[in-house]
Amino acid sequence: MHIDGPVLLYGAGREARSTAAFLRQRYPHLELFVTADDGEATLDGATFISPDEAGVVERFGMIVKSPGVSLYKPIFAAAKAAGVPVTSNLNLWGAHFREGRTVVAISGTKGKSTTATLVHLMLEHSGVDAILAGNVGIPPLDAADKARTVVLELSSYQTADIDFAPDIAAISNLYPEHVDWHGGLDTYYRDKLNLLAKGPNLVAVGPQAATVDRVNAAIPAGTKRIPGLDIDFGDEILMAAMKSRLKGAHNHDNARLAAAIALAAGATREGIFAGIEAFIPLPHRLEELAVGSILFVDDSISTTPEATKVALAAYKGRKIALIAGGHERQQDYTDLANLMGLTSVVMLCCLPVTGTRLGKAVRENTPIPVADCSTLENAMQALANSGEIFDTVILSPGAPSYNQFKNFEERGDRFKALARQYFGQ
């Protein structure tokens, strides 16, 4: 690959650090610049410039965009008009390391991390030389040429501009999410399904995705579908998942989807069961913490109302105090509010700003008591003072975190710390 001029890294997070390290090693004389939207950024070997300075795109030979930076910012349209290539950590990996490797790429609104992790475990336990990269595992460029099979977990931010076809592509499900980043719901769907449009050899879809017309229409005519598991094997997978640390019916679906993908990528039946047994839940996804007689469930990674529904279903029959609400992304909470009256939720604590809409809908449709709380700590204080009519507290916000927290990890860690503080006596 020839790079004609300095490189701008837009974003300074985990992937940007990976990209900078790769570029410094592969192109040691290349001049690197970095910019970010949230203040001055520090990146080893790169000179910080403001977004306004970065807007003079003609000075660069290439721009590398981090996943969280919207592809639809004006700077990228300006770069295209000026003939300056815009790429990503993922696409740089594709340009340098894709050839000769089996690539399994998994996306979806929810369940993609669990499914990708399971596929990787199933392959590893089958003796397949595999590595896990993307949003879980390591950044794609850190995978380099370390394994013959690469399992990629990809968000819509990454599938939007992926420029190579995987051998196997999978979509777990498809719901509205990240609409603000993509500039509209139709664009979100198109960007997510670009993974299929690239023309993989094989494609697998989860049960919900299989019912979505957009998903089926996005599969190219020449792409074959991975056959479903036979009934007996599917039942065996279900039984193994129910005995494992995979919590909830949605994760049992993820296990069956992962098994079908892993078989197509070279896994054995024995390796599939060993992978399910070895699975450890990802942090902040239905992560349990017992404090005294109360079970606290950290589902901070929940950023959609659909994810909150899944969390409630996973704890059916428990007396649930739900904490929900976060950054406004114009998602529809009507179904979640209506469903709540049919669940065992006994109290709802609403956080800014989406919690206002959810709380209003719950008050109008159910007798569930609702507390409006300005912060997560206020919510935990309200629960501690409520007389404990619940045995389970679930933080499943159904919204992003960054109106009050740096990320969902910080939100989840704070939740667990407050659980110990207010209920650990």
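In which sense, and over how many bridges, do strand 2 (residues 32–35) and strand 3 pair? In this predicted model, the two strands pair in the parallel sense, and three bridges join strand 2 to strand 3. Within this pairing, Leu 32 stands opposite Ala 46 of strand 3. Both strands belong to an open sheet of five strands, which has the order 3-2-1-4-5 and parallel pairing. The edges of this sheet are formed by strand 3 (46–48) and strand 5 (86–87), each of which pairs on one side only. Helix 1 packs on the sheet, where it touches strand 1 (7–10), strand 2 and strand 4 (62–65), and the direction of helix 1 makes about 165° with that of strand 1.

Helix 1 also meets another helix. The axes of helix 1 (residues 14–26) and helix 4 (residues 89–97) come within 10 Å and cross at roughly 35°, and the crossing in which helix 1 passes helix 4 is left-handed. On the side of helix 1 the contact is made by Glu 15, Ser 18, Thr 19, Phe 22 and Arg 26, and on the side of helix 4 by Asn 89, Leu 92, His 96 and Phe 97. By class, the residues of this contact between helix 1 and helix 4 divide into three nonpolar, four polar and two charged.

A second open sheet is made of six strands, with the order 12-13-17-14-15-16 and mixed pairing. Its edge strands are strand 12 (287–291) and strand 16 (370–372), each pairing on one side only, and from one strand to the next the twist averages 20°. In the order of this sheet, strand 17 stands between strand 13 and strand 14. Strand 17 (residues 392–395) pairs with strand 14 (residues 320–324) in the parallel sense over four bridges, and strand 13 and strand 17, which also run parallel, are joined by four bridges.

Individual bridge partners show how strand 17 is placed between these two strands. With respect to strand 14, Ile 320 has Thr 392 of strand 17 as its bridge partner, while the bridge partner of Ile 323 is Leu 395. Leu 395 of strand 17 is likewise the bridge partner of Asp 298. Both faces of strand 17 are covered, with Thr 392 and Ile 394 buried on one side and Val 393 and Leu 395 buried on the other. Helix 17 (residues 376–384) lies across strand 13 (294–298), strand 14, strand 15 (345–350) and strand 17, and its direction runs at about 165° to that of strand 14.

Two further helix pairs were examined. Helix 11 (residues 231–243) and helix 12 (residues 249–264) pack with their axes 9 Å apart and at an angle of about 125°; the two helices are therefore oblique to each other. Helix 11 passes helix 12 in a right-handed crossing. From helix 11, the residues Phe 233, Gly 234, Ile 237, Leu 238, Ala 241 and Met 242 meet His 252, Ala 255, Arg 256, Ala 259 and Leu 263 of helix 12. The contact of helix 11 with helix 12 comprises eight nonpolar, two polar and one charged residues.

The loop between helix 11 and helix 12 holds Ser 244. Because its relative accessible area is 19%, which lies under the 20% limit for a buried residue, Ser 244 counts as buried. Ser 244 is 32 residues apart from Ile 276 in sequence, and the two residues are 6.8 Å apart in space, C-alpha to C-alpha.

Ile 276 in turn takes part in the second of these helix pairs, as one of the residues through which helix 13 makes contact with helix 5. Helix 5 (residues 112–124) and helix 13 (residues 269–278) pack at an angle of about 130°, with their axes 7 Å apart, and that angle makes helix 5 oblique to helix 13. The crossing of helix 5 and helix 13 is right-handed. Helix 5 contributes Leu 118, Leu 121 and Met 122 to the contact, whereas helix 13 contributes Gly 271, Ile 272, Gly 275, Ile 276 and Ala 278. The residues of the contact of helix 5 with helix 13 divide into six nonpolar, two polar and no charged.

Terms used
Residues are numbered from 1 along each chain as its sequence is written. This is a predicted model: local features need pLDDT of at least 70, side-chain atom pairs count only at pLDDT 80 or more; totals for chains, interfaces and linings use all residues. Side-chain values use heavy atoms; hydrogens and water are left out. Two strands pair if DSSP finds at least two bridges between them. Axes are lines fitted to C-alpha atoms, for helices over the stretch in contact, and angles run from 0 to 180 degrees between N-to-C directions. Contact means heavy atoms within 4.5 Å. Angles under 35 degrees count as roughly parallel, over 145 as roughly antiparallel, 65 to 115 as roughly perpendicular and the rest as oblique. A crossing is left-handed if the near helix is turned anticlockwise from the far one by less than a right angle, and right-handed if clockwise. Ala, Val, Leu, Ile, Met, Phe, Trp, Tyr, Cys and Pro count as nonpolar, Asp, Glu, Lys and Arg as charged, and the others, Gly among them, as polar. Buried means under 20% relative accessible area, exposed over 50%, partly exposed in between (1.4 Å probe, protein chains only).
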